[in-house]
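Dear colleague,

Please find the structure below, together with its sequence. My notes on it follow, and I would be grateful if you could read them alongside the coordinates.

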2 protein chains.
Amino acid sequence: MRESDLLKHVYAFNRALPDHVAIPPGDDMGALALGDQTVLITVDQVADGVHVQLGNTPLKLVARKAITRNLSDVAAMAARPLGAVVAAALPRRFTEAQAKELFDSMRATAEAYQCPLIGGDISMWDHPLLLTVTVFAEPAGIGPILRSGAQPGDAVFVSGQLGGAWQKDGGGAHLHFEPRINLARKIAEHAGDALHSMIDLSDGLASDLSHICEQSHAAAEIHLADLPARLPGRDGPQHALFDGEDYELCFTIAPDAADNLPTEIDGVTLTKVGHMLGEADRPVESRLWLRLPDGTRQPLTKTGWEHHA
Amino acid sequence: MRESDLLKHVYAFNRALPDHVAIPPGDDMGALALGDQTVLITVDQVADGVHVQLGNTPLKLVARKAITRNLSDVAAMAARPLGAVVAAALPRRFTEAQAKELFDSMRATAEAYQCPLIGGDISMWDHPLLLTVTVFAEPAGIGPILRSGAQPGDAVFVSGQLGGAWQKDGGGAHLHFEPRINLARKIAEHAGDALHSMIDLSDGLASDLSHICEQSHAAAEIHLADLPARLPGRDGPQHALFDGEDYELCFTIAPDAADNLPTEIDGVTLTKVGHMLGEADRPVESRLWLRLPDGTRQPLTKTGWEHHA
């Protein structure tokens, strides 16, 4: 069973949500409306053996990822962090020094992004470390950018480089990435209303762009040759499409605004990797298509595409 | 290392918190101020083997407790729930049916308290079930009732019956308790400004009333003979003082208002169990004192009191 299928099942049975639920489940963050204020909310876990390999990873990087994973969701809404609460299940063998290092590092990371820790819950148990962080944010002068706003003809962009963020020993860029909070807001300032949709890349570009397509009732085409692959060689684009844990931004933007977008903001490259398909050229059998360097196009599935030898 | 010591360490190093942190760490809920709105936040975990015994407990009661533990914190602030997010680490052996029963039950419990699920995160792993729930609330026409407001001379009350909520097989009242959300608001309506402080009883009356004393810079005296013990016999009061997991309310209220408080609201008894000590009669060597049936008084420690044979 996949997480997304289970969550869809859960939310499908939600009764009509009350009016104060401003953004329902299914986006990078949910939102509650309080009077004329909006508070955005996201929750993510970092589990030893799943999202980090504690045996090979300094505690302070484990702590950092627990906070930055959530801040990447704040970036995906082009929002501003307000605060966080942390729940921790600590292995009973943890020393007091280890527990303090873990929490001090989470607090320091959160503070560095103006996201103070305002509460928490700690349990001890005889099982691996699990950190659950809930982060709150507010719109930063622009409405939250949803997954559902992509329009036919939009250019599809990604920030930074993709693929290979998780190394076999548990190391890699997923421990060091910069949550794109400031970048997202600068993109929003550049593009204004032309910034139609945005998501952060946690499951891999193919998977996450599919979420934009599903929620926008649209389809998209990716140009293989244009992918900013982190890994060199022939497999680089494959990794860029399917590897998770990049925590870069993927966004769609109206064509005119796309032409005026800088190719780089604050040292981070912005790369056009494809476009949303219009009604006329949207083949119904797939939401996601891959344009190969030879000009042909084929459906992009979770398992990849057909390599022509 | 105790949870409370670790959290104190963490928060002690918080830099000056920004102005929008309306209630800092250390109460039943934290709070953020957004314009003229306040959003209250609490997080709690339910771990198999720690807070529930999954092998002996129906999934729907595990799910219920994951939600109601948090709602008890909402009650302790006399607040109104707004919504919740759930993070789950599911054992990989869980079937799809089990996962759906768990989430359906959490959703149904949350909805029954007007607290819709607005987001979540699910991981699969080879370790026990861990549910982390974050609940949001708003003040319900009265300010949030803090732990820090107790005043000398206040009467100390508890709701319901105390002790024995956790049975050896993992069963007991901790799986069935009613979060005192409505009760707390009715108490607040009765008492108005005379309701000075409130906490929910999760660690045991002695421990939780100590939190009120610490945060109010005060001391308290409990009358052993007045404790509403759930368990019969000579050990009943001992359990009422030290057992955790009651999820009843403990609150302090000005003496005049205490005399006018009903002894029961909606079928739940309200029992005066002691009072806050004034400056003159507050012995500095202990925050918590126990008045015995023979009229003598002695310090109440975490390990109990001296039984006179």
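Which residues are linked with Arg147(A) in a network of salt bridges? They are Asp27(A) and Asp28(A). Please bear in mind throughout that this is a predicted model.

Salt bridges within chain A

Over all chains, the structure holds 30 salt bridges. Several in chain A deserve a description of their own.

One of them joins the side chains of Arg69(A) and Asp44(A), with an N to O distance of 3.8 Å. The two residues are 25 residues apart and belong to distant parts of the chain, Arg69(A) being in helix H2 and Asp44(A) in strand E3 (residues 37–47) of chain A. Arg69(A) counts as buried because its relative accessibility is 9%, under the 20% limit for that class. Asp44(A), at 10% relative accessibility, is likewise classed as buried.

A second salt bridge is formed by the side chains of Glu248(A) and Arg180(A), at 2.9 Å from N to O. This pair, too, links distant parts of the chain, with the two positions 68 residues apart in numbering. Glu248(A) sits in the loop between helix H6 (236–242) and strand E10 (249–253) of chain A, while Arg180(A) sits in the loop between strand E7 (155–159) and helix H4 (181–191) of chain A. Both Glu248(A) and Arg180(A) are buried.

The side chains of Arg230(A) and Asp246(A) also meet in a salt bridge, with an N to O distance of 3.8 Å. Arg230(A) lies in the loop between strand E9 (220–223) and H6 of chain A, and Asp246(A) in the loop between H6 and E10 of chain A, so that the pair, 16 residues apart, links distant parts of the chain. How exposed or buried are these two partners? Arg230(A) counts as partly exposed because its relative accessibility is 29%, whereas Asp246(A), at 3%, counts as buried.

The two domains of chain A

The domain assignment divides chain A into domain 1 (3–139) and domain 2 (154–299). Their C-alpha centres lie 24 Å apart. The contact between them takes 25 residues from domain 1 of chain A and 22 residues from domain 2 of chain A.

The area buried between these domains is about 2,000 Å², and carbon and sulfur atoms give 54% of it. On the domain 1 side, Lys65(A), Ser72(A) and Ala75(A) lose the most area to domain 2, together accounting for 22% of what that side buries.

How many salt bridges are counted between the two domains? There are 2. In one salt bridge of chain A, Arg64(A) pairs with Glu178(A), and the closest N and O atoms are 3.9 Å apart. Between the domains there are also 8 residue pairs in polar contact, both residues being at pLDDT 80 or more.

Helix H2 (59–76) and strand E4 (79–91) of chain A each supply at least two residues of the domain 1 side. H2(A) gives the largest share of that side, 10 residues. By class, the domain 1 side has 10 nonpolar, 7 polar and 8 charged residues.

The interface of chains A and B

Between the chains, 64 residues of chain B are in contact with 64 residues of chain A. The area buried between chain B and chain A is about 5,700 Å², of which 68% comes from carbon and sulfur atoms. The rule finds 0 salt bridges across this interface, while 12 residue pairs are in polar contact, with both residues at pLDDT 80 or more.

The elements giving two or more residues to the chain B side include helix H1 (3–12), strand E4 (79–91), helix H3 (96–112) and strand E5 (117–125) of chain B. E5(B) gives the most, with 9 residues. The chain B side divides into 38 nonpolar, 15 polar and 11 charged residues.

Backbone angles in chain B

Most residues other than glycine have a negative phi. Two residues of chain B may be inspected in that light.

Ala78(B), which is not a glycine, has a positive phi of about 55°. Ala78(B) lies in the loop between helix H2 (59–76) and E4 of chain B, and is buried, with a relative accessible area of 1%.

Tyr247(B) likewise has a positive phi, near 55°. Tyr247(B) is found in the loop between helix H6 (236–242) and strand E10 (249–253) of chain B, and counts as buried because its relative accessibility is 2%.

With kind regards

How values were computed. Residues numbered from 1 in each chain as written. Chains lettered and ligands numbered in written order. Predicted model: local features only at pLDDT ≥ 70, side-chain atom pairs only at ≥ 80, totals over all residues. Heavy atoms only, no water. Contact = heavy atoms within 4.5 Å. Buried area = accessible area lost by both parts, 1.4 Å probe. Salt bridge = Lys/Arg side-chain N within 4 Å of Asp/Glu carboxyl O. Polar contact = N/O pair within 3.5 Å; in protein donor to acceptor, adjacent residues only side chain to side chain. Helix = DSSP H or I, 4+ residues; strand = E, 2+ residues; numbered from the N terminus. Nonpolar A, V, L, I, M, F, W, Y, C, P; charged D, E, K, R; others polar. Domains from an automatic or database assignment. Buried < 20%, exposed > 50% of the residue type's maximum accessible area, 1.4 Å probe, protein only.
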